[in-house]
Amino acid sequence: MLSVCRNHLALYQGVRESWWDMGPILIMRPDDANIAGNVHGGTILKMIEEAGAIISTRHCNSQAGEHCVAALARVERTDFLSPMCIGEVAHVCAEITYTSKRSVEVQVNVLSENILTGAKRVTNRATLWYVPLSLKNVDKVLEVPPIQYASKELEEEGKKRYDEQKLERLVTKERNGDIIFPVINPEPYTVGYSQSSLIHLVGPSDCTLHGFVHGGVTMKLMDEVAGIVAARHCKTNIVTASVDAINFHEKIKKGCVITISGRMTFTSNKSMEIEVFVDADPFVDEPKERYRAVSAFFTYVSLSKEGKPLPVPQLLVETEDEKRRFEDGKGRYLQTKAKRQVQMQPLTQQ
């Protein structure tokens, strides 16, 4: 495992070895997977977040000063490159690739190992952003110890990523007023037919030392709801293909009741986009109105019993809002497709 992590470190030349870490090593069990034996995307997202939280908290406490815990602020687009199955071993490698004055960028790779054959493959790559919160005052964001870069270019690339995610977080927050209302007797393949919600009381086991929900717990619940929406629409085996940026707008405190809501926004021939957001109702300690805490877009694909891609039934949009969301989703789909084609060009030219 150490050699595998070192190989990944070579992909990000410029960050010293002291800023990367081996995260959890876990064997995938039946309760981690769906009925077809594919590990839930939410289970993997939770592992990714735990690894990111460990390395960023460790780094932010590496110098003398006020102690802190790193809180998840954002997850960049995460691709599920290959399904993980029951019985395989998950290896998680985390690495700090950029630090600003008050935030940390962590890149995480997940590898799956077949312990019978020893074969390994990369299943996930993710980029996460954390901020260090003081243990004495949860509303106080502390300064992050800087890291050293091998070149000025790597530092400038990190600064560019930081500025881009900061701008996108502001844009996302502006469109966060939507509410999902129940639909009576919806027609099949409509938005109302597959939309779903889950209600969860936040307990101590869900929380950090601050008493706020772990980002990984929230992402796992979001993936469960997105999976229900996808399954209702397709009525087949479905798996997470990717997660667009997950933005954590506000902290969720222990004792809150959270509602995780999901609705389908777009379908292509082989994939479907599902918008998921988390609303929190603080019932304990402090009277506060319900607020939007997290939002994201999940992409799912439909698979046959043999694991082959199946066509996705087209989404029937009815209202003007649904049509607008469909076009927005189509734009994200085409943009992602174009980026993937650009990334594949150097490989085809070799």
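## From the annotated positions to the core and the rings

In this predicted model, D223 has its place in helix α5, and this residue is a convenient starting point for the walk that follows. D223 is one of two positions, the other being N34, at which an unreviewed UniProt entry places the feature "active site". Although the two positions are spread over 190 residues of sequence, they cluster in space, with a largest C-alpha distance of 12.1 Å.

Is D223 buried or exposed? With a relative accessibility of 4%, D223 counts as buried, because the limit for that class is under 20%. Leaving out residues up to four places away in sequence, D223 touches H40, G41, G42, T240, F298 and Y300. With G41 there is also a polar approach, in which a polar atom of the D223 side chain lies 3.4 Å from the backbone nitrogen of G41.

N34, by contrast, is found in a loop, between β1 (20-27) and α2 (41-60). At 18% relative accessibility N34 also counts as buried, since the value falls under the 20% limit. Apart from its neighbours within four places in sequence, N34 is in contact with H40, N237, I238 and V239, while its side chain reaches the backbone nitrogen of A36 at 3.0 Å. H40 thus appears among the contacts of N34 and among those of D223.

F298, which D223 touches, leads on to the nonpolar interior. The largest nonpolar core has 71 residues, of which I252 and F298 touch the most other members. Helix α5, spanning residues 215-234, gives the most to this core, with 9 residues. Beyond its neighbours within four places in sequence, I252 is in contact with V202, G211, F212, V213, T218, I258, V278, A280, Y291, A293 and V294. One of these contacts, F212, also has the charged end of K251 over its ring, 5.6 Å from the centre. In another arrangement of this kind, R292 lies over the face of F277, at 3.9 Å from the ring centre.

Aromatic rings also pair with one another, and a search of the whole structure finds 6 such pairs. In one of them, the rings of Y98 and Y162 have their centres 6.3 Å apart and their planes at 40 degrees, so the pair is tilted. This pair links distant parts of the chain, as Y98 belongs to strand β4 (residues 89-99) and Y162 to helix α3 (residues 152-174), 64 residues apart. Y98 is buried, with a relative accessible area of 7%, and Y162 counts as buried at 16%. Ring pairs join Y98 and Y162 with W129 and Y149 into a cluster.

Note on methods:
Residues are numbered from 1 along each chain as its sequence is written. This is a predicted model: local features need pLDDT of at least 70, side-chain atom pairs count only at pLDDT 80 or more; totals for chains, interfaces and linings use all residues. Side-chain values use heavy atoms; hydrogens and water are left out. A nonpolar core is a set of buried Ala, Val, Leu, Ile, Met, Phe, Trp, Tyr and Cys residues joined through side-chain atoms within 4.5 Å. Buried means under 20% relative accessible area, exposed over 50%, partly exposed in between (1.4 Å probe, protein chains only). Helices (H or I, at least four residues) and strands (E, at least two) are DSSP runs, numbered from the N terminus. Contact means heavy atoms within 4.5 Å. UniProt positions are given in the numbering used here, feature names are shortened, and annotations may be inferred rather than shown by experiment. A polar contact is a pair of N or O atoms within 3.5 Å; within protein, one must be able to donate a hydrogen and the other to accept it, and residues adjacent in sequence count only if both atoms are side-chain atoms. Rings of Phe, Tyr and Trp (its six-membered ring) pair if their centres lie within 6.5 Å; planes under 30 degrees apart count as stacked, over 60 as edge-to-face and the rest as tilted. A charge sits over a ring if NZ of Lys or CZ of Arg is within 6 Å of the ring centre and within 35 degrees of the ring normal.
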